[in-house]
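Please open the model in your viewer and keep the selection panel at hand. The stops below follow one another as a list of selections.

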Amino acid sequence: MIVKGYAMKRIKKEKKIYLIFMIFFFSLFNVMISLCDLLISYNQWDGANKFIELFGEEKEDFFQIEKYDSLEKKDFYNKNLVELTKEDIDQINSLVNSNGILVYKIKGKDKVNKDIYELLNIRNEYGDQYDAYTYQSDRVEIVDLSSDILTNQKIIGHLPEEENEIMISNYIADLIINRGIKIYSHDTLTTDYYKISNYEQLLDENTFFALNHTKVKISGIIDYDLSKYDILKNKKWDELTKEELEIGDDLIRKAKNIYNKIYVKKELIDNMKKTDPCITTGVMYPIQSKDQINSIFPKLLSNEKNFSIKTAFSEEYYHILYLNSILKPFFLVIGVISFIIFVIIVIGCIIKKKDRSIFLKDFLVFMVICSILSSMLYSLNLVVLKNVICRNYFQKLSPFQFYFKQYFILLILSIIVPMLMYSLLLLKNRFKKKSTDPF
């Protein structure tokens with residue numbers, strides 16, 4: 001009796017161990033498959049829809065198309081912006097079904113694009129202290145103002161009318177006022193930095209500046225609403241609250257795409273090309289309608305010619321796609337390994353099991369526990385991935401959101417797999433019964 005009791009305890013303990021490991025590895029498999037499905041859905045349509053919806057909410061005046069040399073590798077962090085050829089420009093215009101406005105950059109030493117400080121001769125000395133409002137982007141662009149793309153913006157002064165006139169944003173104007181800039185004295189650029197007090201001085205028709213090596217004057221300043229960024233002035237980044245950091249991140253995005261542009265006449269660009277390495281890096285298109293965006297963006301986001309859309313939030317979108325390309329195979333490998341281990345345990349359990357009624361009792365327990373545990377683990381993973389892995393990304397673009405579809409997958413797998421296990425047990429018992437029947 002003692003031996004029999006000990007054997008029963010050992011069988012029950014063995015049964016619990018099998019059940020615990022089966023539940024754990026199946027739940028892990030279930031979670032990984034659901035995460036893979038989430039990322040696949042994001043890459044195929046959810047992400048593009050989020051991006052298009054966000055672009056509409058932000059009400060940007062234009063979007064831009066650029067070309068990179070490494071998008072086919074999905075490696076957006078090590079991308080290199082390349083010069084657009086005439087064939088590229090024709091292909092882009094064909095995709096958008098419109099003739100866009102050309103965007104240029106000027107290369108400096110070591111073929112690096114010149115930043116705003118070097119291009120306009122703004123003071124930027126080593127060791128200077130900058131607040132969170134100060135210009136954060138070196139991605140300054142020169143735009144051929146051959147058509148009206150700023151109809152929704154108020155302009156202080158006027159659009160460039162002469163080939164030596166330029167128009168800048170009030171954000172760049174604030175930088176000049178804050179830092180100081182070199183100006184022309186007669187035909188010679190000063191060696192010292194001149195202190196500008198206000199916009200009126202910048203727009204003085206007798207004050208000339210240097211756009212790289214070209215003598216120019218500022219005819220207009222785009223008066224963007226920058227009031228929400230006032231809270232960043234005279235504060236260092238480490239002094240900002242969480243809400244202020246989000247405002248600062250928003251300013252950086254806008255400074256890379258909207259506030260970074262210098263608008264000029266085409267004649268000025270033609271003259272600059274004679275002496276400066278001025279290359280075409282983008283094509284800009286004014287927003288015509290919501291239908292235009294809904295029609296064009298899906299095509300541009302899915303094209304395979306290394307073209308990419310540039311908006312205030314596009315960089316984060318492409319970075320998320322790159323992150324997904326790393327996480328998806330990781331989730332898949334973990335899921336496959338978990339499933340293989342689970343199958344091995346199930347096979348071992350079926351081979352050893354002699355009492356079919358025990359499995360029937362375990363069936364419902366396995367299904368319920370797996371459903372609950374998988375849902376909990378999946379939710380926990382979403383929270384961690386969203387707030388740790390993607391904490392620096394704009395959360396509206398994050399792929400790690402709670403959707404019914406993935407929870408439905410968790411539930412279905414938690415029902416179907418135990419049913420398959422039960423079917424295997426039935427087949428095993430039926431086969432065993434036939435093999436023992438007398439002729």
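## Stop one: a long-range salt bridge

Select aspartate 223, which counts as partly exposed because its relative accessibility is 25%; buried means under 20% relative accessible area, exposed over 50%, and partly exposed in between (1.4 Å probe, protein chains only). This is a predicted model, in which local features need pLDDT of at least 70, side-chain atom pairs count only at pLDDT 80 or more, and totals for chains, interfaces and linings use all residues. Residues are numbered from 1 along each chain as its sequence is written, and side-chain values use heavy atoms, with hydrogens and water left out.

Add lysine 154 to the selection: its side chain meets that of aspartate 223 in a salt bridge (3.9 Å, N to O). A salt bridge here is a side-chain nitrogen of Lys or Arg within 4 Å of a carboxyl oxygen of Asp or Glu. Aspartate 223 lies in the loop between β9 (214-222) and α6 (242-257), and lysine 154 in the loop between β3 (141-144) and β4 (155-157), so the pair ties together parts that are 69 residues apart in sequence. Helices (H or I, at least four residues) and strands (E, at least two) are DSSP runs, numbered from the N terminus. Lysine 154 is exposed, at 56% relative accessibility.

## Stop two: further salt bridges

Next select aspartate 250 and lysine 228, whose side chains form a salt bridge at 3.1 Å, N to O. Aspartate 250 is in helix α6 and lysine 228 in the loop between β9 and α6; the two are 22 residues apart, and the pair links distant parts of the chain. Which partner is buried? Aspartate 250 is, with a relative accessible area of 8%, whereas lysine 228 is partly exposed at 44%.

Move to lysine 86 and aspartate 90, another salt bridge (3.1 Å, N to O). Both are in helix α2 (residues 86-96), and because they are four residues apart there, about one helical turn separates them. Lysine 86 is exposed at 63% relative accessibility, and aspartate 90 is partly exposed at 39%.

Then select Glu66, Lys105, Glu141, Lys261 and Lys310 together; salt bridges link them in a network. The count of salt bridges comes to 19.

## Stop three: the nonpolar cores

A nonpolar core is a set of buried Ala, Val, Leu, Ile, Met, Phe, Trp, Tyr and Cys residues joined through side-chain atoms within 4.5 Å. The largest has 56 residues, and those touching the most other members are Ile116, Leu120, Ile166, Leu202, Leu211, Ile262 and Tyr263. Helix α4 gives the most to this core, with six residues. A second, separate core of 43 residues includes Tyr42, Val283, Leu327 and Tyr393.

Centre on tyrosine 263. Beyond neighbours within four places in sequence, its contacts (heavy atoms within 4.5 Å) include Phe62, Val143, Ile166, Ile222 and Tyr224.

Now go to valine 283, in strand β11 and buried at 0% relative accessibility. Its C-alpha is 5.5 Å from that of glutamine 64, although the two are 219 residues apart in sequence. Leaving aside neighbours within four places, the contacts of valine 283 include Phe63, Gln64, Leu84, Ile89 and Leu102.

## Stop four: two buried polar residues

Select asparagine 170, in helix α4 (residues 170-179). Asparagine 170 is buried, at 3% relative accessibility. Outside its neighbours within four places in sequence, asparagine 170 touches Tyr199, Ile221, Ile222, Asp223, Tyr224 and Leu226; Asp223 among them also takes part in the salt bridge of the opening stop.

Aspartate 276 is in the loop between α7 (266-275) and β11 (278-286) and is buried at 5% relative accessibility. Its C-alpha is separated by 6.9 Å from that of isoleucine 106, 170 residues away along the chain. Contacts of aspartate 276 beyond four places in sequence are Ile106, Asn212, His213 and Thr214.

## Stop five: cysteines

How many disulfides are there? The count comes to zero, a disulfide being a pair of cysteine sulfur atoms within 2.5 Å. Cysteine 278 is buried at 10% relative accessibility, and cysteine 390 is buried at 0%.
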